[in-house]
Amino acid sequence: MISVFMALIMESVMAFVTATNNIGYADMRLFLNGWAEGLLAALPIGLTIMLIMSVTVKSKLVRFLKS
């Protein structure tokens, strides 16, 4: 559950920075629309990467540290 919230926060911040760099603050409606589109596009990718990392890499790292 913590990983999902962390992915949501990280993707939200990255979408905010991307919208700031590409759109700016001149038109707030356009900025919020760009931020929401960026978040919705990046969130599934972030959650997929989080799932892969927690299932494969973490188990291999734990095995390596135990040996």
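**Reading a predicted model: overall form, aromatic rings and a nonpolar patch**

Guide: Of the 67 residues of the protein, 15% count as buried. Please bear in mind that this is a predicted model.

Visitor: Which secondary structure does the protein have?

Guide: The protein has two helices and zero strands.

Visitor: How should the radius of gyration be read, and what is its value for the protein?

Guide: The value is set against that of a compact globule with the given number of residues. A compact globule of 67 residues would come near 11 Å, but the protein has 16 Å. The box filled by the C-alpha atoms, taken along the principal axes, is roughly 55 × 15 × 15 Å.

Visitor: What is the accessible surface of the protein, and what share belongs to carbon and sulfur atoms?

Guide: The accessible surface is about 5,400 Å², and carbon and sulfur atoms account for 75% of that area.

Visitor: How is a pair of aromatic rings described?

Guide: Two quantities describe such a pair: the distance of the centres and the angle of the planes. In this structure, a search of the whole model finds three aromatic pairs. In the pair of Phe 16 and Tyr 25, the ring centres are 6.5 Å apart and the planes stand at 45 degrees, so this pair is tilted. Tyr 25 also pairs with Phe 31; here the centres are 5.1 Å apart and the planes are at 55 degrees, so this pair is tilted.

Visitor: Which residues form one aromatic cluster?

Guide: Phe 16, Tyr 25 and Phe 31 form one such cluster.

Visitor: Is Phe 31 buried or exposed?

Guide: Residues under 20% relative accessible area count as buried. Phe 31 has a relative accessible area of 3% and is therefore buried. Phe 16, by contrast, is partly exposed at 38%, and Tyr 25 is partly exposed at 47%.

Visitor: Which residues make the nonpolar surface patch?

Guide: A residue needs over 30% relative accessible area to enter a patch. Here the nonpolar patch covers about 580 Å² and is made by Ile 9, Val 13, Phe 16, Val 17, Tyr 25 and Met 28. Phe 16 and Tyr 25 thus belong to the patch as well as to the aromatic cluster.

Visitor: Which helix gives the most to the nonpolar patch?

Guide: Helix α1, residues 2-22, gives the most, with four residues. Val 17 is found in helix α1, and its relative accessibility of 42% makes Val 17 partly exposed.

Definitions and conventions
Residues numbered from 1 in each chain as written. Predicted model: local features only at pLDDT ≥ 70, side-chain atom pairs only at ≥ 80, totals over all residues. Heavy atoms only, no water. Patch = residues over 30% accessible without salt bridge, like charges linked within 9 Å, V, L, I, M, F, W, Y side chains within 5 Å. Areas by Shrake-Rupley, 256 points an atom, 1.4 Å probe, with all protein chains shown as cover. Salt bridge = Lys/Arg side-chain N within 4 Å of Asp/Glu carboxyl O. Buried < 20%, exposed > 50% of the residue type's maximum accessible area, 1.4 Å probe, protein only. Rg over C-alpha atoms; globule rule 2.2 N^0.38 Å. Phe/Tyr/Trp six-rings, centres within 6.5 Å; stacked < 30°, edge-to-face > 60°.
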